[in-house]
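Dear colleague,

I am handing over the structure we spoke about, and below it you will find what came out of going through it. Please read the notes with the structure open beside them.

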Amino acid sequence: MPGNERVGRLLKEIIQKPGNDACADCGAPDPSWGSCSVGVFICVQCSGIHRNIPDIGMKVKSLGLSRWEDQEVKFMAENGNELMKQKYEAVVPVYYYKPTHKDCQVLREQWIRAKYERKEFTGEGKKWTYEEGTRDGMLMKRGRDNGQFLNRRFVLSEREGTLKYFTKYDAKEPKAVIKVDSINAAFQPEKIGNPNGLQITYLKDYSTRNIFLYHDNGKEIVDWFNSIRAIQLHYLKVAFPGANDAELMPKLTRNFLKEGYMEKTGPRHTEGFKKRWFTLDHRRLMYYKDPLDAFAKGEAFLGHKDHGYRASPGLPAGTHCNGAWQHGITIVTPERSFLFTCETEVEQQDWLKHFNDVISIQMSPQEYSMEAMFRHKH
């Protein structure tokens, strides 16, 4: 049997082993590359990141196209994803965000560098920067009114449970004091127009406020992100002393369920349909004139279906639809109905799936109090 065919057959056998059928770094199915430096099978996106890391980048090979030496194949057989996970992910802190193949480049790159280049999680008495209790530094923040990004000082404090920012480095008073337990943070490179773009969302006087940040250094912005998560977990453990980590994890920062444009009409359903940017953040559906607006124009709370919440395709008979988009959605809440239209049927079905998933989930005590707050406010 020619060498290449034999090697190909051996690699196919190795990849059948448990754990080798998904990328070692992001979990993408059917990895088509291997790192002969580390001994793991990875996807094409992660292989590009590996290649840029000096110590391990030399030996990244395509399973189907590269020429493999016998000792490289032997190395892959002796190691593999499961064994290397035990080594390089021996002690990943619970709050550390492990990216998936759906996450952006900066999260995946810093996870890979943290594992193999900085060896943060091998368990050899490493002190994590995320657990220092405070973090103080400069981040580029988008101006609320003019849209310009300016350098601002941010201070994160575990003791106070706050994230503050200052318009001048030596300013005595912060421009804003944000309670860490009210923060959601999500990477938004496309929306912000920067590969390291981070959106922070929090409640201010019962309204949702967004701030858009970035740092030129990918490690720096991901460290801020995981430091916020570390402090959130600390506060959750105080607030819910009996809860285990698995129960607390969903309460840390989370990606939005869905974002995109729909058209909507006002509460009387006689106003014209206007195009708005929508963000679904678990039970809160917020809408904005522009994706980078600081404040939501309005929001709807999606409770449980047993309590009078419903989402269905189409608009009520007789609705005057003056917009360009025809694929309607009606959301019924105990207070009012919301009418939306989507550009395509595919978008309509995707929004409906997300809405119905949310209203099928039982509500937590915290969500009942949030619902009461929404009713009081509206």
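Strand 4 and strand 10 each supply at least two residues to the lining of the second largest cavity, where strands and helices are DSSP runs numbered from the N terminus (strands E, at least two residues; helices H or I, at least four). A cavity here is a set of points, on a 1 Å grid over the protein atoms alone, where a 1.4 Å probe fits but cannot get out, and its lining residues have an atom within 4 Å of a point. Strand 10 gives the largest share of this lining, four residues, and the full lining consists of Lys141, Arg142, Gly143, Arg144, Arg209, Asn210, Ile211, Phe212, Leu292 and Ala294. By type these divide into four nonpolar, two polar and four charged, with Ala, Val, Leu, Ile, Met, Phe, Trp, Tyr, Cys and Pro counted as nonpolar, Asp, Glu, Lys and Arg as charged, and the others, Gly among them, as polar. The space in this second largest cavity is about 50 Å³, a volume being the space filled by probe spheres set on the points, which are joined across faces, edges and corners.

Please keep in mind that this is a predicted model, in which local features need pLDDT of at least 70 and side-chain atom pairs count only at pLDDT 80 or more, while totals for chains, interfaces and linings use all residues. Residues are numbered from 1 along each chain as its sequence is written, and side-chain values use heavy atoms, with hydrogens and water left out.

The structure holds two cavities of 30 Å³ or more, and the largest contains about 60 Å³ of space. Its lining includes Thr129, Tyr130, Arg135, Leu156, Ser227 and Ile231, and the elements that give two or more residues to it are strand 4 (134-142) and helix 7.

Turning to the nonpolar cores, each is a set of buried Ala, Val, Leu, Ile, Met, Phe, Trp, Tyr and Cys residues joined through side-chain atoms within 4.5 Å; buried means under 20% relative accessible area, exposed over 50% and partly exposed in between, with a 1.4 Å probe and protein chains only. The largest core has 26 residues, and those with the most contacts inside it are Phe154, Leu163, Ile183, Phe187 and Ile200. Among the elements that give two or more residues to this core are strand 5 (149-157), strand 9 (198-204) and helix 7 (218-239), and helix 7 gives the most, with six residues. Apart from it lies another core, of 23 residues, among them Tyr287, Ala300, Leu302 and Ile331.

There are 18 aromatic pairs in the structure, where rings of Phe, Tyr and Trp (its six-membered ring) pair if their centres lie within 6.5 Å, and planes under 30 degrees apart count as stacked, over 60 as edge-to-face and the rest as tilted. Phe278 and Phe340 form an edge-to-face pair, 5.0 Å centre to centre with 70° between the planes, and this pair links distant parts of the chain, with Phe278 in strand 12 and Phe340 in strand 17, 62 residues apart. Both Phe278 and Phe340 are buried, and they belong to one aromatic cluster with Tyr287, Phe338, Trp351 and Phe355.

Finally, Asp30 has a positive phi of about 55° although it is not a glycine; Asp30 counts as exposed because its relative accessibility is 65%.

With best wishes

Technical notes: 1 Å grid on protein atoms, 1.4 Å probe; cavity = no way out; pocket = protein on both sides within 12 Å on 5 of 7 lines; lining within 4 Å.
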